[in-house]
Amino acid sequence: MVATGEKQQSHRPGVYKQKNKEHKHGKHRTKGEIERGNKGRVSVIALTKKRRKEQRKLDKKNKANQLRQHKRDLILSEKRRLGSRDGPPILVAVVSLHAAVDAGAITKMLRQEEAGGVVHQGCVVSGTSDSFGLVVPRFKQRFTFLKTNTDDIHSLLDVAKMADSLLFVLDSAEGWDNYGDYCLSCLFAQGLPSHALVCQGLSDLPTKKKVDSRRVLSKVTELRFPESRLFPLDTDKDATLLLRHLGQQRQRKLGFRSKRSHLLAQHVTFTPNDSSAQSSTGLGTLCVSGYVRGRPLKVDRLVHISGHGDFQLSQIDAPLDPLPLITAAPRQSKPGKGDVDMQQDDPETEAPVRVLMKADPSSRETLQTEAEVDPMDGEQTWPTESELQEAEDARKKKRVMKVPKGTSDYQAAWIVDDDDDENCDLDEESSEDDEPDDDMMDESPDGNGGSQDGGSDMDSDTEEEEEEEEEVCPSERAGDDEQYDEEMDEVAEEEDLKRYREARANDMFPDEVDTPIDVAARIRFQRYRGLKSFRSSPWDPMENLPHNYSRIFHFRNFERTRRRTLNEAAQEEEGAMVGWYVTLHVIDVPPSVMESVHTGKPLVLVSLLPHEQKMSVMHLSVRRHPSNTEPIKSKEELVFHCGFRRFRASPIFSQHTSGDKHKMERFLRPDAATVVSVYAPITFPPTGVLVFKQRDDGVQDLVATGSLLSCDPQRVVLKRIVLSGHPFKINRRSAVVRYMFFNRDDIMWFKPVELHTKWGRRGHIKETLGTHGHMKCVFDSQLRSQDTVLMNLYKRIYPRWTFDPYVPLSLPWFKRESTVDLQDLDME
């Protein structure tokens, strides 16, 4: 009972009051309903965390403008530094693209005083026939011009890797000839820097013909250079305009050279070592002087000389700059120009050379290119009694098997001893192993006869044709035929015919191999195994590796190492800075480098990034060049241009797919990208790749272009062979197949491998019939009589270790034809 004078207290629920879920009526809740439902409550998470201040739209726009302005300032500062007092001179390479033009006339025009520059004859590039330094006080810039030798394609590519700008000299009527187009293909594939187009002889033409000639030349050049301007160079005013354009044009960056420090030699001396132990080898110290470009140069890093190998530095000196930028003297003052020339002509009267830095033997990178091989690295534990008994039985059979621990009997049946060098096995494979070329090349391209018979028929046909021609005009044709036969190389002709037939047979019957009759298939194809699914079946990349894999280096994560190395190189600010004129002391250099300089080749040095001197398995993604029509076979020796490196190697080809296994290509495909795998020094991408093939006469043809893909020794490349059989008797889903094997033991050996047909049927071997190779097979549906039964077998292959850093001189083409004549011939 409550007293009347007291007020009744109502119950107030706390924070733990149960709140049931409301009915979801599907309607949209307004902000007011949400606030009334919350009743002023605020989430605990929102109360404990600080609210982030949202940037306004104007703040975001201001930040984007600041970033854009910062990048613009960096580009402008780099552009203004090139050719100035603090940067290296603008290196301009003059390239003639037609046999009728003279690049020397271009350099002669730029040397004249009326062009506005001061010529420094002492600032020449070593190994070039025509080079000079040019200071233009009016523009406050300095240039280095050199005339390149287009006959040697390797020298042209080396100079293009270093040049800031390429000056292409065109013919006023035709533009470029066929060899000039070939040079352009190589330069575009390697990476084209900033360039300009120049032609002479337009001012001598009448006004009407001048306009027509420029219009025709513009149509020719816009195919290769759609946005480039054509500069006539006939007067001194034209030379001044050209210099202004070269000094102010936008510089195009090349990834492989902007990440590394590089130098083009302008003065080279060679001093043999005094040590008696090294005097017999002929090694010595090479002093190379030039301007540092790209990135700062560290003395502890290795340097690579293109075409000769990797070397170490002992010290870096700072001699006087042979091309000083003097702007105090007025342009009209000729005595001032004479004073500059006198200062350049007598550099030995100046102060002695300063030593900038010396290499520290403890921190200097080593020249170790291969890993140290431990012969005990592959040893296992003490074998069991069963393993000893198996080894004794195998020794009696003169065949030793090395089986990994835990391997089943079925897996052991596919494993072969790898005591012998893998290279020897690969040599046997290419000549007499499982290539369809050896078994299938006995067939003519139409499949009607053997290669010898087909070849004799072709020879007889050609002989009959020659006899008929001789009967028509024997007096005129006899001497020509004899001269033609003397110039023909019969051995090379037979090799080309064999390669052509192999390529055509591979296109018609890809990877098909005839089973030998006199040799058991289980012995002939003992290195192969079957896969139920090429995409999903496992293949251990560390299984039964060859001996050469113990000599190479590999990364746990190549992409992560690449990013870290390039970021560290971009942040380095130690060493000889960009634009300094320095002298590098390269130690233990063979005299062949100096001999190459004396022959007129340019000397190119590049500072290597960490790990770039070590050998590994490099993969290159290339496409076949349209100008090449000859078949390129796998494991054939080719010449590679990979960044600053130039080497010879025998690669293997594989498909460019995204799986963990990749099928080998026997020939370089003309219609798709192909991955080329070689043993080569590690190089960090991005880097352009050019592939050449050398003829017997010394000429090197461009066969493929592309880029560097990755460094991955664990990339599995599988070689496939296809055994074919013919259905003899068909009874619904089962059929009797013959001609795939020729004895009972081979059928039992390959019984676990799955079968398939050209029309998409799948099946397996059920049992053998007789002793002559007939077998009963079961398929998933009825087989057609015209179908062919196939069996796929696979084996992992590896490249050949034929790496050679020395590439000989590429001889010039024996004939240069104009593009107009070629077009006229095609029209006729």
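Which residue takes a positive phi in the hairpin of S3 and S4? In this predicted model, the residue is Lys140, with a phi near 55°, and the hairpin has four residues between its strands. Strand S3 covers residues 131-136, and strand S4 covers residues 141-147. The two strands run antiparallel and are joined by six bridges. Within this pairing, Phe132 stands opposite Phe145 in S4.

Strand S3 is mostly covered, with six of its six residues buried. In a regular strand, side chains alternate between the two faces of the sheet. Ser131, Gly133 and Val135 point one way from S3, whereas Phe132, Leu134 and Val136 point the other way. Buried residues are thus found in both of these sets. S3 also pairs with S2, again in the antiparallel sense, over three bridges. Here His120 stands opposite Gly133 in S3.

These pairings belong to an open sheet of seven strands, arranged in the order S2-S3-S4-S1-S5-S6-S7 with mixed pairing. The edges are occupied by strand S2 (118-120) and strand S7 (230-232); each has a single partner strand, so one side of each is left without a neighbour in the sheet. From one strand to the next, the twist averages 30°. At the S7 edge, the partner is strand S6 (residues 194-199), which runs parallel to S7 and is joined to S7 by three bridges. Leu197 stands opposite Leu230 in S7.

Helix packing was examined for H5 and H6. Two packed helices are described by the angle between their axes and the distance between the axes. For helix H5 (residues 153-162) and helix H6 (residues 178-190), the angle is about 45° and the axes are 11 Å apart. H5 is therefore oblique to H6. The crossing in which H5 passes H6 is right-handed. On the H5 side, the contact involves Ile153, Leu156, Leu157, Ala160 and Lys161. These residues meet Tyr179, Tyr182, Cys183, Cys186, Leu187 and Gln190 in H6. The residues of this contact divide into nine nonpolar, one polar and one charged.

Asp102 lies in the loop between strand S1 (90-96) and helix H4 (103-111). Its relative accessibility is 48%, so Asp102 counts as partly exposed, given that the class of exposed residues begins over 50%. Asp102 and Val169 are 67 residues apart along the chain, and their C-alpha atoms are separated by 8.0 Å.

Technical notes
Residues are numbered from 1 along each chain as its sequence is written. This is a predicted model: local features need pLDDT of at least 70, side-chain atom pairs count only at pLDDT 80 or more; totals for chains, interfaces and linings use all residues. Side-chain values use heavy atoms; hydrogens and water are left out. Two strands pair if DSSP finds at least two bridges between them. Axes are lines fitted to C-alpha atoms, for helices over the stretch in contact, and angles run from 0 to 180 degrees between N-to-C directions. Angles under 35 degrees count as roughly parallel, over 145 as roughly antiparallel, 65 to 115 as roughly perpendicular and the rest as oblique. A crossing is left-handed if the near helix is turned anticlockwise from the far one by less than a right angle, and right-handed if clockwise. Contact means heavy atoms within 4.5 Å. Ala, Val, Leu, Ile, Met, Phe, Trp, Tyr, Cys and Pro count as nonpolar, Asp, Glu, Lys and Arg as charged, and the others, Gly among them, as polar. Buried means under 20% relative accessible area, exposed over 50%, partly exposed in between (1.4 Å probe, protein chains only).
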